[in-house]
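Please look through the sequence and the structure below before reading on. The paragraphs that follow take up strands, a ligand site and a few unusual backbone positions in turn.

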Amino acid sequence: MANCETPRSPIVQVAIAVPLHRLFDYLLPLDLSSDGVIEPGIRVRVPFGKHYKTGIVMGLTQTSDIPPERLKAIEQILDTQPLLSDSDFKLLSWASRYYHHPLGEVVATALPVTLRQGKPAVAATEIRYMLSEQGHQVIPEQLSRAPRQQALLARLQATATTLAADTPGADKAALKALLAKGFLCEVSVTPAPVYQPKPALAASAEQQMAIASVSADLGRFSAFLLEGVTGSGKTEVYMQIIADVLQRGLQVLVLLPEITLTPQLEQRFRDRFAVAIVCYHSKLTDSQRLHAWLALRSGDAAILLGTRSALFTPMAKPGLIILDEEHDPSFKQQEGFRFSARDVAIARAKMLDVPVLLGSATPSLESLYNVQRGRYRLLTLSARAGHAVAPQFTLLDIRNKPLDAGLSEPLIALMRSTLAQGQQVLLFLNRRGFAPVLICHGCGWVARCGHCDANLVIHAGERRLRCHHCNSEQRLPDLCPACGSVELHPLGMGTERIEQSLASLFPDQTVVRLDRDTTQRKGALEHYLDKINQGEASIILGTQMLAKGHHFPGVTLVAIVDIDSGLFSIDFHAAEKLAQMIVQVGGRAGRADKPGRVILQTRQPEHPLLTMLLTQGYPAFARLALAERQQAGLPPFSHQALIRAHASHAGPVQQFLHAVAALLRQFDSQVAVLGPVSAPMARRAGQFRFQLLLQSPNRQALHQRLDAVLPAIAQIKAAKTVRWSLDIDPVDLY
Ligand code: ADP
Ligand code: ZN
Ligand code: ZN
């Protein structure tokens, strides 16, 4: 018998956002005629288990591991054009491999949430309504049985204007009815605002040098680190380079920490460039984010200002990637797909063959190391821009000194004289709430969280005790639950407590407190920033929210209330983070024409980190810290991966990690397997937490080892009862 082969219909490989390291095979839709073409980058709706999911087509193949009769068909094709291009896929596949994270979840990260949900890939344009040909001719009285429609028609005929569905007075039902009758038609308008761009500032010699270096490399990959002291005009450098990129008709992706991506910064960009600028961050609505994403992808927008999650946005005509405040920990995603936006930005620039510019006053040790070994080119801004001068840092020894809500007398005196000159004061304390501990004077009882190894924090204004790790909370007790004493005392200092004391110390001054508790409400942070910039507030008090990026020209005195609590962390990143915090917070002082002072209250005035930083500055500190890391064989001179696991009982977690460790230790190679040990916070939200650290001087050896054992890890019996995750290049060891 002749072997008559019918051409088999291709099998579609689909990426679906589930925690499995594989693609899923589907047959073509049963009815292809009405749908579009299947090609990589198209979203499809597919049956998955008992439900349907949205996935992205990654490719077509002729064979599948699944027998043909068990393959299901695609339910629906959702796009007519691919949403992601080959170069997007290349990046996402690379990231999936590097972070050992399932491709489906990585691909989902690249999409705004509405596209993940399968909604149409069109930005909601504002629809307005105007009279149709017919609507002009109809006599309103004909609609006398529908008085609202009659009124609306009469109004439109009288004014010859367009209406939006949400125009005040426009009755939605009447609008719809008139539309159905053909008296109205839809028009879509894209508002075209007119910008009058401001001219660039005259760049300093160092700024010019930085601008020229990057601009000379447009059109090819190269990585730059702009190390510019606080207030040196890094943003001005970015903007002048961006102007060159725009001139070539190319686009720019600017990534920033959420906290610095303020309306004020956005305005600075809008004032400068007469192009479409879109933003992408968590405070926007889903449809605003979709709009921004589509606009960059189509080329309608020339600049995207976004946070970490904007990193993967497709670009029609990529020209440059900028990542400001590159040392900022917010560039590392800490859950799910744990990626470093800084590291992926470098990879993306390389793939796109465009320059990438990292900027910071306090560069990460990783980036400085990359400068040392010639991977990044260093650009320096050593002085503040304009007439501003560097702030003067002083250690204030508070040993044996009386404190009023954590403030020493010399500091209070300095605050008084600063305020008397009409200048602003900024106080920094990285602890929100009233006090971190509630203790009983009678019996020593301490308010602990029932779910975490942590104390409950006093929130006096709301009269609550709250856990900052699991958010559980309870009423502030009047009596000690252990002994019934009324003598319950707050211990330690939080921003709320300082705010209270400031009110009695400085009754005539307006205090603005900026922390997570006061800025919850949408628009609150912007409101307070405006208040500060208008000079309506004279004392600004807050947590790390204050540390970054902000430009407060009126602030001349900055005080870090409690530096000591940062000096005793067990994490090897702690010194770097503390130094960055000191320089960044201090950098808010004296940014305009009046010189600034920075006071660090400490009981450790001889601490080597503090004295080194203050006498020689961040660059010297960082280079020394890097040398120390090298001696200790710590990152960036070695590479780490952290496996974390947790469950509601400790036993299975330990069993699991011991089994993982055994798998990893089977091979004798250059990978050290350290642990398992319990996490620094051993119990959190009722979960017992342990971790296993892998470290190797050879990145490839580490990744090969992981590749070899990851499939086996999933097979460990205890893996079913614990939750575990893998963190490549962890920045927090817990
Ligand atoms: P950074 O981002 O380095 O902290 P900014 O870009 O916010 O600093 O600049 C600080 C201030 O200096 C801003 O008010 C900015 O307008 C001003 N500035 C920057 N470059 C110049 C320049 N070349 N001449 C005058 N002022 C400048
Ligand atoms: Zn008691
Ligand atoms: Zn808790």
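In this predicted model, a good place to begin is strand β11, which spans residues 277–280 and is covered on both of its faces. On one side the buried residues are Ile277 and Cys279, while on the other side Val278 and Tyr280 are buried as well. This division into two pairs follows a general pattern, because side chains in a regular strand alternate between the two faces of the sheet. Strand β11 pairs with strand β12, residues 303–306, in the parallel sense, and the pairing runs over four bridges. Within that pairing, Val278 has Leu304 of β12 as its bridge partner. To pass from β11 to β12 the chain goes through helix α10, which covers residues 286–298, and the resulting β-α-β crossover is right-handed.

Earlier in the sequence, the strands pair in the other sense. Strand β1, residues 11–16, pairs with strand β4, residues 51–61, in an antiparallel manner over six bridges, and in this pairing Val12 stands opposite Leu60 of β4. Strand β4 also pairs with strand β3, residues 43–48, again antiparallel and over six bridges, with Phe48 standing opposite His51. Strands β3 and β4 form a hairpin that leaves two residues between them, and in this turn Gly49 takes a positive phi of about 60°.

The ligand site can be approached through the residues that line it. Ligand 1 is surrounded by 17 residues, and the closest of them are Ala202, Gln207, Gly231, Gly233 and Lys234. By class, this shell is made up of five nonpolar, eight polar and four charged residues. The element that gives the most to the shell is helix α8, residues 234–247, which supplies three residues. Polar atoms of the ligand also lie close to polar atoms of the protein: a nitrogen atom of ligand 1 is 2.9 Å from a polar backbone atom of Ala202, and an oxygen atom of ligand 1 is 3.1 Å from a polar backbone atom of Thr235. A side chain takes part too, since an oxygen atom of ligand 1 is 3.2 Å from an N or O atom in the side chain of His551. Taken alone, ligand 1 would expose 560 Å², and the protein buries 77% of that area.

Some backbone positions deserve a separate look, because most residues other than glycine have a negative phi and most peptide bonds are trans. Where, then, is Asn400 found, a residue other than glycine that lies in a loop? The loop that holds Asn400 runs between β16 (392–397) and β17 (403–404), and the phi of Asn400 is positive, near 65°. With a relative accessibility of 84%, Asn400 counts as exposed. Ala405 is another residue other than glycine with a positive phi, in this case near 50°, and its place is in the loop between β17 and β18 (407–408). Is Ala405 buried or exposed? At 13% relative accessibility, Ala405 counts as buried, because the cut-off for that class is under 20%.

Two peptide bonds in the cis form complete this part of the tour. One of them joins Pro635 and Pro636, with omega at about 5°, and Pro636 belongs to the loop between α17 (608–632) and β29 (639–647). In the other, the bond from Gly675 to Pro676 is cis with omega near 5°, and Pro676 is found in strand β30, residues 672–684.

Two serines in helices close the account. Ser213 lies in helix α7, residues 205–216, where its side chain reaches the backbone oxygen of Met209 at 2.7 Å; at 14% relative accessibility, Ser213 counts as buried. Ser417 lies in helix α13, residues 409–420, and its side chain reaches the backbone oxygen of Leu414 at 3.1 Å. At 33% relative accessibility, Ser417 counts as partly exposed. Between the C-alpha atoms of Ser417 and Ala347, which are 70 residues apart along the chain, the separation is 51 Å.

Key: Residues numbered from 1 in each chain as written. Chains lettered and ligands numbered in written order. Predicted model: local features only at pLDDT ≥ 70, side-chain atom pairs only at ≥ 80, totals over all residues. Heavy atoms only, no water. Near = heavy atom within 4 Å. Polar contact = N/O pair within 3.5 Å; in protein donor to acceptor, adjacent residues only side chain to side chain. Areas by Shrake-Rupley, 256 points an atom, 1.4 Å probe, with all protein chains shown as cover. Nonpolar A, V, L, I, M, F, W, Y, C, P; charged D, E, K, R; others polar. Buried < 20%, exposed > 50% of the residue type's maximum accessible area, 1.4 Å probe, protein only. Pairing = 2+ DSSP bridges. Right-handed = clockwise from strand over helix to strand, strands pointing away.
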